[in-house]
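Me: Please take a close look at one helix in this model, covering what it packs against and what empty space it borders. I would like one connected account.

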Amino acid sequence: MPTMARTVVATGASSGLGFEAVKQLLQQSRPYEFIIGARDPSTTQAAYDRVQYDTTAHSISILPLDLTDLRTVKSFAQQSLERLNKDKLDILFLNAGMNKAAIGPGLHGSPWCESYVVNHLSQHYLTHLLREKLSTSHSRVVVVSSGLIRSIKEDDIIKTKVSAGSGADGFAVYHATKFAQFLGAHWWRRQLGQSATVLAVSPGLVLGTGLGRHLDFVPNTDHLPDKLTVEQGARNLLRAFDQANFPDDPEQIFLTSWGEWWPKDAYGPSLDKSLQDWWCPSMEEIEKEAGIAG
């Protein structure tokens, strides 16, 4: 009896860690059907066309998605659901990330900086739009996080840094927006309950992903003994696709890059439910703020 294809909807799979993770899955014998959102679909399609894989076993659909524009998030979700039709959605892979200073006004009239919209708000909105499918499919939501969230201690720091035009540098904004994203992982675990599995995963300290392309300097990485290649980081992320053993404590949702569960005291501030609720607006609130018709 043939193995059913595993369906994956992915953000941030046009390059870097996401692209490498998909490429590694394409080398497996288990069939996969990917629906990938990309700002430049033609360039992304060309990149995957250069990958050698069994096209009779795997399929890839590239759909337009610009995470700085919530309207394209809505159209991407609609098109993804049309492609899935009656098929279940096995994995929602939320991998997109940006490291960019909060300089200048927000795009498309947003009160938030670009990195916050990309790293958290747009992908949170996408999860809202796919919520029913996630529940009926008993999907797994894999949130690509970072160990840097452990550096966030106060909520007012987040609010200041992620507002459009705050002037905060790229590193400060990245820390804050990834923490907001992690609050979202907790919030969706609570919302989806037993109908879906939500976990966050860290790839480790990975260099060469393009994440730092917006920085105005080149950091010295010679002193970083724990740095990993893109290939290693992608393998670390893929652990979250098949992780079967979960802690008894439902709040322990963060898988380390070495395959263990981070203790909750490593990310204690993120366990504040009122903080999670504040940073996880409803679909209606998001659409109202963005001026998107329901």
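Reply: What follows is an account of helix α4 and its surroundings, with a short look at a neighbouring pair of helices.

The model is a predicted one. Helix α4 covers residues 114-129, and it packs with helix α10, residues 283-290, at an angle of about 130°. Their axes are 10 Å apart. Angles from 65 to 115 degrees count as roughly perpendicular and those over 145 as roughly antiparallel, so α4 is oblique to α10. The crossing of the two helices is left-handed.

On the α4 side, the contact is made by Leu121, His124, Tyr125, His128 and Leu129. Met283, Ile286, Glu287 and Glu289 make it on the α10 side. Sorted by class, this contact has 5 nonpolar, 2 polar and 2 charged residues.

Next comes the empty space. Searching the whole structure gives 2 cavities of 30 Å³ or more. The largest cavity holds about 120 Å³ of space. Its lining includes Val117 and Leu121, together with Glu289 and Ala290. Leu121 and Glu289 also belong to the contact between α4 and α10. Others in the lining of the largest cavity are Thr68, Asp69, Leu70, Arg71, Leu107, His108, Ser110 and Pro111. Two or more lining residues come from each of α3 (70-84), α4 and α10. By class, the lining of the largest cavity divides into 6 nonpolar, 3 polar and 3 charged residues.

The second largest cavity holds about 100 Å³ of space. It is lined by 13 residues, of which Leu94, Val143, Gln181, Gly184 and Trp188 are the closest to its centre. The elements giving two or more residues to this lining are α4, β5 (140-144) and α7 (170-192). Of these, α4 gives the most, with 5 residues. The lining of the second largest cavity has 6 nonpolar and 7 polar residues, and no charged ones.

Helix α7, which shares that lining with α4, also packs with helix α6, residues 155-162. The angle between α6 and α7 is about 120°, and their axes are 9 Å apart. That angle makes α6 oblique to α7. The crossing of α6 and α7 is left-handed. Ile158, Lys161 and Val162 of α6 meet Ala172, Val173, Ala176, Thr177 and Phe179 of α7. The contact of α6 with α7 has 6 nonpolar, 1 polar and 1 charged residues.

To return to the helix in question, α4 packs with α10, gives residues to the lining of the largest cavity, and gives the most to the lining of the second largest.

How values were computed
Residues numbered from 1 in each chain as written. Predicted model: local features only at pLDDT ≥ 70, side-chain atom pairs only at ≥ 80, totals over all residues. Heavy atoms only, no water. Axes fitted to C-alpha atoms, helices over the stretch in contact; angles between N-to-C directions. Helix = DSSP H or I, 4+ residues; strand = E, 2+ residues; numbered from the N terminus. Parallel < 35°, antiparallel > 145°, perpendicular 65-115°, else oblique. Left-handed = near helix turned anticlockwise from the far one by under 90°. Contact = heavy atoms within 4.5 Å. Nonpolar A, V, L, I, M, F, W, Y, C, P; charged D, E, K, R; others polar. 1 Å grid on protein atoms, 1.4 Å probe; cavity = no way out; pocket = protein on both sides within 12 Å on 5 of 7 lines; lining within 4 Å. Points joined across faces, edges and corners; volume = space filled by probe spheres on them.
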